[in-house]
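Subject: Structure handover

Hello,

Here is the structure for you to look over. My notes follow below it.

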Amino acid sequence: MAVAAPGGVLSVVGTPIGNLEDASPRVIRTLGEADLVLCEDTRVTGRLMSAFGLRVRLERCDENVMAEKVAGVLDRLAAGQRVAFVSDAGMPGVSDPGQRLVDAALDAGLRVEVVPGPSAVTCALVASGLASEHFFFEGFLPRRAGAQRSRLEELAVVPGTLVVYESPRRVAETLARVAEVMPGRRVALVRELTKLHEEVVRGEAAALAAQVAARDELRGECVIVIAAPGAGELERRRAAAAGPGGTLEEEIAAGLAAGEPKSALAKRLAKSFSLPRAEVYDKVLAAAR
């Protein structure tokens, strides 16, 4: 275990996610007092430092080089240096490779401090107006359609509000997939947080997906906030995961009565009963007549 010289500290610093006025005096002081600032992109952080009138050495430390940087950073801390770690925006360590550096420093017995700052996760959750007693932060979903749908199906049984990051280029497709997997759920799209054109758009998943798809262009990083499942939906999904509790015909009738989309119902029951999806879908259509 390393023994830090007096003064050595790793400062994990939250930076503004859009509005520079959100940087606290402590954030500015900590960055200014650092011997070294580790960052995702030296150009992005360089502009931030310039805005605050700070001149401190910057060094790239993103997910591609983190593994090779850790040992050197620990040596600096042990020698008594003050090292600040920032992401391009928001709190480092949240859906961010900085977690690995913090873990290594703590394991080495070195001092770590967190200097709080804005977080898109909590800002979007509050801005959505959806229930926030319990929530689950997913970060970015898989990009491939099949993997994304599978992950959404796993998340559908989480008994809390879901918070998802997404690119403006993919957000319409992702919202459409949310509508497929979680029909009827209330969803909020939050974008351009803390900036001049901050926007919150809310509605049921399918309607919101159509509204966003009709737009010419979206700009700015987006956060999708998905309401928690109701008690009835949660019970139905858990029962489905546990396997069929009755005959195929009874399960079809129950699914239709609950308002489950026919294609989703057929897919679920085909898996539960180990039957061809087309065969189950035909039975679903017949029962729905």
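Is F140 buried, partly exposed or exposed? F140 has a relative accessible area of 44%, so this residue is partly exposed. Keep in mind that the model is predicted.

**Aromatic rings**

F140 belongs to a cluster. Together, F137, F140 and Y165 make up one aromatic cluster. The structure holds 2 aromatic pairs. In one of them, the ring centres of F137 and Y165 are 5.0 Å apart. Their planes stand at 65°, so this pair is edge-to-face. F137 sits in strand β6 (residues 135–140) and Y165 in strand β7 (residues 161–166). The pair therefore ties together parts that are 28 residues apart in sequence.

How exposed are these two residues? F137 has 22% relative accessibility and so counts as partly exposed. Y165 is at 15% relative accessible area. The cut-off for buried is under 20%, so Y165 is buried.

Y165 also pairs with F140. Here the ring centres are 5.6 Å apart and the planes are at 65°, so the pair is edge-to-face. F140 is in strand β6 and Y165 in strand β7, 25 residues apart, so this pair too links distant parts of the chain.

**Largest pocket**

The largest pocket has a volume of about 1,200 Å³. It is lined by 38 residues. Closest to its centre are E40, D88, A89, Y165 and E221. Y165, then, is found both here and in the aromatic cluster. Two or more lining residues come from each of α2 (42–51) and β10 (222–226). The top contributor is α2, with 5 residues. By class, the lining has 18 nonpolar, 8 polar and 12 charged residues.

**Second largest pocket**

The second largest pocket has a volume of about 680 Å³. Its lining holds 21 residues. The closest to the centre are E153, R237, A264, K267 and R268. Four helices give two or more residues to this lining: α6 (145–155), α7 (171–181), α9 (231–242) and α11 (262–273). Of these, α11 gives the most, with 6 residues. The lining divides into 7 nonpolar, 3 polar and 11 charged residues.

**Where to look**

For the rings, start at Y165, which pairs with F137 and with F140. For the pockets, start at α2 in the largest one and at α11 in the second largest.

Best wishes

Terms used. Residues numbered from 1 in each chain as written. Predicted model: local features only at pLDDT ≥ 70, side-chain atom pairs only at ≥ 80, totals over all residues. Heavy atoms only, no water. 1 Å grid on protein atoms, 1.4 Å probe; cavity = no way out; pocket = protein on both sides within 12 Å on 5 of 7 lines; lining within 4 Å. Points joined across faces, edges and corners; volume = space filled by probe spheres on them. Nonpolar A, V, L, I, M, F, W, Y, C, P; charged D, E, K, R; others polar. Phe/Tyr/Trp six-rings, centres within 6.5 Å; stacked < 30°, edge-to-face > 60°. Buried < 20%, exposed > 50% of the residue type's maximum accessible area, 1.4 Å probe, protein only.
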